[in-house]
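Okay, thanks for making time for this one. I'd like to walk through a few local details, so have the sequence and the model open while I talk.

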Amino acid sequence: MGTIHARVSRELGCELVAVCDTDSYKFDLFPECEHYTDYREMLDKVHPDVVHICTPHYLHAEMIIAALERNISVLCEKPLCIHEEDIPRILEAEAKSTGKLGVCQQNRYNASNLFVRDWLSDKKIFSATANVVWSRGRDYYSSGEWRGKWATEGGGVLINQALHTLDLCQWLVGMPDTLVGNIANNTHSDYIEVEDTAALVYGGEHSFTFFATTSADADFNTQISIATDKGEVNIFPDYALINGEMKHFDKDDRVYGKACYGSGHSRLIEDFYSCVRDGRDFRLNGREAAKVVKLILAAYKTNGKEVKIKNMGENL
């Protein structure tokens with residue numbers, strides 16, 4: 001992900017001044033800038049305008065806070081964090097900092113999702129459902145020592161592969177109040193300790209069902225379906241069906257990395273830089289990015305019993 005962020009930043013005309021990684025061999029990818037193996041040293045010596053955090057999940061919270069405490073703007077890869085107790089720490093650091101915080105939940109910038117959000121603005125939503133059916137095997141999880149572990153990845157399919165679709169559900173439908181569901185490790189138990197499958201029912205005024213798995217033999221398009229008083233909408237990565245009528249969108253060829261990442265990275269990063277330059281709040285700030293984290297962490301507590309999801313307006 002670091003190489004993707006660096007590529008987009010260069011294309012937007014920004015200067016890459018330093019990179020930090022514990023694997024120094026990766027520095028060959030960035031010959032034009034300074035190299036560090038200690039991120040705090042880099043922040044103190046370079047003090048960049050923006051730092052992109054593209055590290056394993058368990059490092060996000062401490063790195064976000066370290067940058068914000070130095071009044072450096074931060075754009076972090078998802079998830080915001082993996083522990084509920086880190087949410088108020090991050091939000092406090094964000095509130096005290098002159099730097100901006102953004103989280104890369106780039107699917108909100110896809111044309112189909114923006115269109116549907118606008119279409120829903122005057123509709124009453126009755127019900128919604130979504131699914132993420134992908135394939136991930138031993139090779140994927142062995143590609144990084146941190147993958148597939150509760151302590152370092154913070155979970156499995158929900159916090160990694162399905163986070164973007166779950167975020168879209170609450171962004172389009174609203175934040176639910178309760179959750180009942182189950183998670184399981186159906187096919188990967190011999191090499192990961194986290195879940196590979198989740199079946200969840202989010203309840204309250206803004207309710208929806210959600211299914212996600214990495215146990216499939218192939219990757220299928222993600223899908224979100226929403227029933228309203230004016231009909232049904234089905235959302236796919238590059239098009240939407242409104243009451244059976246297909247709405248096409250010009251496909252953006254600027255896809256960085258895997259196709260499942262979508263094409264929103266460049267638009268999100270450009271928007272974040274614009275907010276930093278103009279002093280405006282970024283729409284996917286800490287409080288907004290924390291919503292999907294709370295939905296995921298609730299899923300890890302449910303075990304078939306109803307759990308309450310604390311509203312983002314309550315004390316965290």
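So, E84: with a relative accessible area of 28%, E84 counts as partly exposed. Bear in mind that what we're looking at is a predicted model. The side chain of E84 pairs with that of K301 in a salt bridge, 3.0 Å from N to O. What I like here is where the two partners sit: E84 is in the loop between β4 (73-77) and α4, K301 is in helix α9, and 217 residues separate them. K301 has a relative accessible area of 54%, so it goes down as exposed.

That brings us to the two helices themselves. How do α4 and α9 pack, in angle and in distance between axes? Helix α4, residues 86-96, and helix α9, residues 286-302, sit at an angle of about 170°, and their axes are 10 Å apart. Anything over 145 degrees counts as roughly antiparallel, so that is what α4 is relative to α9. On the α4 side, the contact is made by I87, L91 and E94; on the α9 side, by G286, R287, A290, V293 and K294. Sort the residues of this contact of α4 with α9 by class and you get four nonpolar, one polar and three charged.

Back to salt bridges for a minute. How many does a search of the whole structure find? The search turns up 20. As a reminder, side chains of opposite charge can pair when their charged atoms come close.

Let me pick out a couple more. R283 and D271 join through their side chains, with N to O at 3.3 Å. This pair also links distant parts of the chain: R283 belongs to the loop between α8 (265-278) and α9, D271 belongs to helix α8, and they are 12 residues apart. Are R283 and D271 buried or exposed? R283, at 53% relative accessibility, is exposed, whereas D271 is buried, with a relative accessible area of 15%.

Then there's E245 with K247, whose side chains form a salt bridge at 3.5 Å, N to O. E245 comes out as partly exposed at 47% relative accessibility, and K247 is also partly exposed, at 27%.

Some charged residues form a network rather than a pair: R108, D167, E288 and K291 are linked by salt bridges. Now, D167 is worth following up, because it is on the list of buried residues in helix α7. How many of the residues of α7 are buried? Helix α7 runs over residues 163-173, and 11 of its 11 residues are buried. The list includes W171, H164 and Q170, along with L163, L166 and V173. Just past the end of α7 comes G174, with a positive phi of about 120°.

Last stop, H5, over in helix α1, residues 2-11. H5 is at 2% relative accessibility, and since buried means under 20%, H5 qualifies as buried. Which side chain does the side chain of H5 touch in a polar contact? The partner is H52, at 2.9 Å. If you skip neighbours within four places in sequence, the residues in contact with H5 are H52, C54, L75, E77, C104, H265 and I269. One of those, H265, falls within the 265-278 stretch of α8, which is the helix that also holds D271.

That's my tour; shout if you want to go back to any of it.

Methods: Residues numbered from 1 in each chain as written. Predicted model: local features only at pLDDT ≥ 70, side-chain atom pairs only at ≥ 80, totals over all residues. Heavy atoms only, no water. Axes fitted to C-alpha atoms, helices over the stretch in contact; angles between N-to-C directions. Helix = DSSP H or I, 4+ residues; strand = E, 2+ residues; numbered from the N terminus. Parallel < 35°, antiparallel > 145°, perpendicular 65-115°, else oblique. Contact = heavy atoms within 4.5 Å. Nonpolar A, V, L, I, M, F, W, Y, C, P; charged D, E, K, R; others polar. Buried < 20%, exposed > 50% of the residue type's maximum accessible area, 1.4 Å probe, protein only. Polar contact = N/O pair within 3.5 Å; in protein donor to acceptor, adjacent residues only side chain to side chain. Salt bridge = Lys/Arg side-chain N within 4 Å of Asp/Glu carboxyl O.
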